[in-house]
Amino acid sequence: GGGAPAAAAPAAPAAKPKLTVDQMEKRIKSTLEEYIELKDVAEVKATLDELGSRECFPKVLSIPLELSMDKPSLADSLLPLVDKLFEDGVLQGDEITAGLGDALEFLEDNAVDIPNAPRVAARFVVAGLLKGYVTWGYVLKASDDFMKETGFSVRFIGLVLRELLSASDGAGSAKEAWGKSGLSLAQFGVENEEEFAESHKLDQLFPIPKLEKKVQSMLAEGCKDEEVTRWVEEAFPETDKDVGQCLMRCVLRNMVAKLGGADKLVCEGEPKLIEAGEKALLEENVGLLKHFLKKECDQAFALFGVQRFAQELDYPKGFMSRMLATLYELEVIEESSLLDWKNPPDNRHHFLMESKKAFTQQQVIEATKQAKLFFDWLEREEEEG
């Protein structure tokens with residue numbers, strides 16, 4: 001009987017006491033300060049893993065932002081860390097934006113004591129936009145919630161767009177990113193786009209107001225196409241479809257002014273497709289239009305500018321059809337572009353469909369009606385040809 005007594009079961013290790021929020025925050029902060037010196041991502045991941053709770057994960061964004069507000073150069077090492085933690089699935093997008101929100105809520109107050117704060121916050125926002133953990137919708141909501149009431153939102157969106165411009169590969173991709181956001185400056189409280197672009201040095205992003213004003217005055221003074229072309233290309237090295245559409249509007253507005261105003265556009269008697277006076281004036285700027293409307297998709301896009309212009313004039317009788325016919329006759333616009341304006345394709349140049357959708361259904365119906373005379377003629381030409 002009496003064997004050796006059974007070994008006592010080993011005592012379970014005592015559970016680690018749960019860290020308080022304060023302790024977690026201190027640990028995150030000291031780890032991030034250490035990271036600035038050693039650049040050890042694995043160490044940061046290990047610390048976050050050991051916290052035993054994700055409750056303070058938003059601090060992994062708000063602490064780097066606070067540190068960078070005091071010393072902006074720290075963003076150079078801390079932003080790539082946030083990007084890396086997001087890419088590796090350690091940080092979730094909503095945790096990052098929660099941390100960002102904590103900082104944005106008091107940004108205007110902080111700006112009083114820390115002049116760099118808004119610019120640094122804008123840099124963090126743009127880093128998030130480019131990596132995909134911040135959305136433009138979030139930026140607008142933060143503006144509405146924390147800044148719109150005092151008007152600080154205007155300064156904030158100016159800094160965000162300025163930062164976007166310097167972080168992007170050229171003005172073209174920054175413009176594309178802003179265009180895809182689907183937002184307008186007015187939503188951030190901007191009342192005058194031209195003044196806003198000038199004060200925030202954003203002409204490359206919003207060239208149209210400045211372009212329109214300058215070209216309008218050059219045409220009124222009788223400047224030759226070559227001179228206007230030279231100025232446009234020097235002022236805006238990256239020209240795009242918006243520039244072409246703007247120049248089309250300028251040329252039409254100049255024509256109307258030289259004819260003596262919109263009421264001179266009503267032609268009595270049988271409607272005709274070409275009116276000699278209009279054609280002669282448009283001919284003066286054919287070189288300018290052709291230079292900036294080489295691509296067929298840009299021509300179709302410019303026609304939405306013609307549509308908008310005719311609509312603003314309340315469609316003088318026959319005017320829309322005459323403009324299409326005259327531009328076609330002068331070989332500024334090709335037939336395929338006219339057809340793409342009338343029925344934008346759904347398998348290419350998606351911006352044409354978007355341009356059409358910017359008009360109400362009623363406005364589209366009216367424009368089609370106003371252009372009928374020209375398209376009927378075009379169809380007959382094809383049948384006879």
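This is a short talk on charges, buried residues and backbone angles in one structure, which is a predicted model.

Let me begin with the salt bridges, since they give us several places to look at in turn. When the whole structure is searched, 21 salt bridges are found, and I would like to take you through a few of them, one pair at a time.

One of them joins the side chains of D240 and K175, with a distance of 2.7 Å from N to O. What I would like you to notice here is that the pair links distant parts of the chain, because D240 sits in the loop between α13 (225-235) and α14 (241-259), while K175 belongs to helix α10 (residues 170-181), and the two are 65 residues apart. If you then ask how well covered each partner is, K175 counts as buried because its relative accessible area is 18%, and buried means under 20%. D240, on the other hand, has a relative accessibility of 26%, and so it counts as partly exposed.

Please compare that with the salt bridge between the side chains of D376 and K372, where the distance from N to O is 2.6 Å. Here both residues lie in helix α22 (residues 372-384), and they are four residues apart, about one turn of the helix. Are these two buried or exposed, or something in between? D376, at 28% relative accessibility, is partly exposed, and K372, with a relative accessible area of 48%, is partly exposed too.

A further pair is D340 and R348, whose side chains meet in a salt bridge at 3.1 Å, again from N to O. In this pair D340 counts as buried, at 11% relative accessibility, whereas R348 is partly exposed, with a relative accessible area of 36%. Salt bridges can also join up into a network, and in this model K45, K84 and D88 are linked in that way.

Now let us turn from paired charges to a group of like charges. Which residues form the negative surface patch? They are E34, D40, E43, D49 and E50, and the largest share of that patch, three residues, comes from helix α2 (residues 41-50). D49 is a good residue to click on, since D49 lies in helix α2 and has a relative accessibility of 65%, which is why it counts as exposed, the cut-off for that word being over 50%.

From the surface I would like to move to some residues that are covered. Q307 has its place in helix α17, and at 3% relative accessibility Q307 counts as buried. What is Q307 in contact with, once we leave aside its neighbours within four places in sequence? The contacts are Y315, M320, W341, F359, Q363 and A367. You may also find it useful to locate Q370, which is 63 residues from Q307 in sequence and 9.5 Å from it in space, C-alpha to C-alpha.

S153 is another buried residue, with a relative accessible area of 1%, and S153 is placed in helix α9 (residues 152-167). Not counting residues up to four places away in sequence, S153 touches S143, M147, K148 and F188.

The next stop is the loop between α11 and α12, where we find H200. At 18% relative accessibility, H200 counts as buried, and, with residues up to four places away in sequence left out, H200 touches V154, R155, G158, L159 and R162.

K201 is in that loop as well, between α11 (193-199) and α12 (208-220), but K201 counts as exposed, at 61% relative accessibility. K201 also brings me to the backbone, because most residues other than glycine have a negative phi. The phi of K201, however, is near 50°, a positive value in a residue other than glycine.

Where else can we find a positive phi in a residue other than glycine? D314 is one such place, with a phi near 65°. D314 is found in the loop between α17 (296-312) and α18 (319-329), and D314 is exposed, with a relative accessible area of 65%.

To close, I suggest that you look once more at D240 and K175, whose salt bridge links distant parts of the chain, and then at D376 and K372, which both lie in helix α22.

How values were computed: Residues numbered from 1 in each chain as written. Predicted model: local features only at pLDDT ≥ 70, side-chain atom pairs only at ≥ 80, totals over all residues. Heavy atoms only, no water. Patch = residues over 30% accessible without salt bridge, like charges linked within 9 Å, V, L, I, M, F, W, Y side chains within 5 Å. Areas by Shrake-Rupley, 256 points an atom, 1.4 Å probe, with all protein chains shown as cover. Salt bridge = Lys/Arg side-chain N within 4 Å of Asp/Glu carboxyl O. Lys, Arg positive; Asp, Glu negative; His and termini not counted. Charge placed at Lys NZ, Arg CZ, Asp CG, Glu CD. Buried < 20%, exposed > 50% of the residue type's maximum accessible area, 1.4 Å probe, protein only. Contact = heavy atoms within 4.5 Å.
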